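Could you walk me through this fold? I'd like to get from the overall layout down to a few individual residues.

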Amino acid sequence: MTDPIADYLTRLRNAIKARHRIVEIPASNIKKEMTKVLFDKGYIQNYKFDDTTVQGTIKIALKYNPVTKQSAIVRLERISKPGLRKYKGAKELPRVLNGLGVAIMSTSKGVITDKEARVLNVGGEVLCFVY
């Protein structure tokens, strides 16, 4: 696998389109941190790290609106790719849907959102947009 983050986003996207309640994804440290950010921002209902195998898995409970049955995640978009990394400084951080969505970033302070990066005044690699 050349891009595990794109695989992570694709598995989430496919599970949402198929209206699955739970999706199981092979674990890595960056995927665990991205999952924590998605949970903190309210895009997923719950998550669990299962370390019974060597690599481990992440079980994510997806969040849906009970009335309209629409997912909390409308779109997941990979920004920085292995062939072309996208870095932004503290002064040029992206805004997703004029502040309604979040950009997940890998910084020297860890995996955080664009809003947290503005507060901490740090830049880094823009991993993906979520809204």
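Here is a tour that starts with the whole chain and ends with some backbone details.

First, keep in mind that this is a predicted model. The protein has three helices and eight strands. Reading from the N terminus, the elements go α-β-α-β-β-β-β-β-β-α-β. The C-alpha trace spans about 40 × 40 × 25 Å along its principal axes. A compact globule of 131 residues would have a radius of gyration near 14 Å, and the protein comes in at 15 Å, which agrees.

How much of the chain is tucked away? Buried residues make up 42% of the 131 residues. The accessible surface comes to about 7,600 Å², with 51% of that belonging to carbon and sulfur atoms. Sequence-distant parts of the chain also meet a lot: among contacts with a separation of 6 or more, 60% are between residues 24 or more positions apart.

Now for the inside. In soluble globular proteins, nonpolar side chains tend to be buried together. Here the largest nonpolar core has 26 residues, and Leu12, Met34, Ile60, Leu62, Ile104 and Val130 are the ones with the most contacts inside it. At least two residues of this core come from each of α1 (4-17), β1 (22-26), α2 (29-40), β3 (57-62), β6 (102-107) and β8 (124-130). Helix α1 gives the largest share, six residues. Apart from this core lies another one, of ten residues, including Met105, Ala117, Val122 and Phe129.

Met34 is a good residue to zoom in on. Leaving aside neighbours within four places in sequence, Met34 is in contact with Ile5, Tyr8, Leu9, Ile104, Val111, Leu127 and Cys128. Met34 is also one of the buried residues of α2, along with Lys31, Lys32, Thr35, Val37 and Leu38. Why would buried positions recur along a helix? An α-helix has 3.6 residues a turn, so residues three or four places apart point the same way. The length of α2 checks out too: at 1.5 Å a residue, its twelve residues should span 16 Å, and its end C-alpha atoms are 17 Å apart, which agrees.

Next, look at Val23, which sits in strand β1. Is Val23 buried or exposed? Val23 counts as buried because its relative accessibility is 9%, and the cut-off for buried is under 20%. Beyond its neighbours within four places in sequence, Val23 touches Arg11, Leu12, Ala15, Ile58, Lys59, Ile60 and Leu62. If you want a distance to check in your viewer, Val23 and Phe49 are 12 Å apart, C-alpha to C-alpha, with their positions 26 residues apart in sequence.

Finally, the backbone has some spots worth a look. Most residues other than glycine have a negative phi. Arg19, in the loop between α1 and β1, has a positive phi of about 60° although it is not a glycine. Asn121 likewise has a positive phi of about 60° without being a glycine, and its place is in the loop between α3 (114-120) and β8. With a relative accessible area of 48%, Asn121 is partly exposed. There is also a glycine to visit: Gly42, just after α2, takes a positive phi of about 85°.

Terms used
Residues numbered from 1 in each chain as written. Predicted model: local features only at pLDDT ≥ 70, side-chain atom pairs only at ≥ 80, totals over all residues. Heavy atoms only, no water. Core = buried A, V, L, I, M, F, W, Y, C linked by side-chain atoms within 4.5 Å. Buried < 20%, exposed > 50% of the residue type's maximum accessible area, 1.4 Å probe, protein only. Helix = DSSP H or I, 4+ residues; strand = E, 2+ residues; numbered from the N terminus. Contact = heavy atoms within 4.5 Å. Expected span 1.5 Å × (residues − 1). Rg over C-alpha atoms; globule rule 2.2 N^0.38 Å. Areas by Shrake-Rupley, 256 points an atom, 1.4 Å probe, with all protein chains shown as cover.
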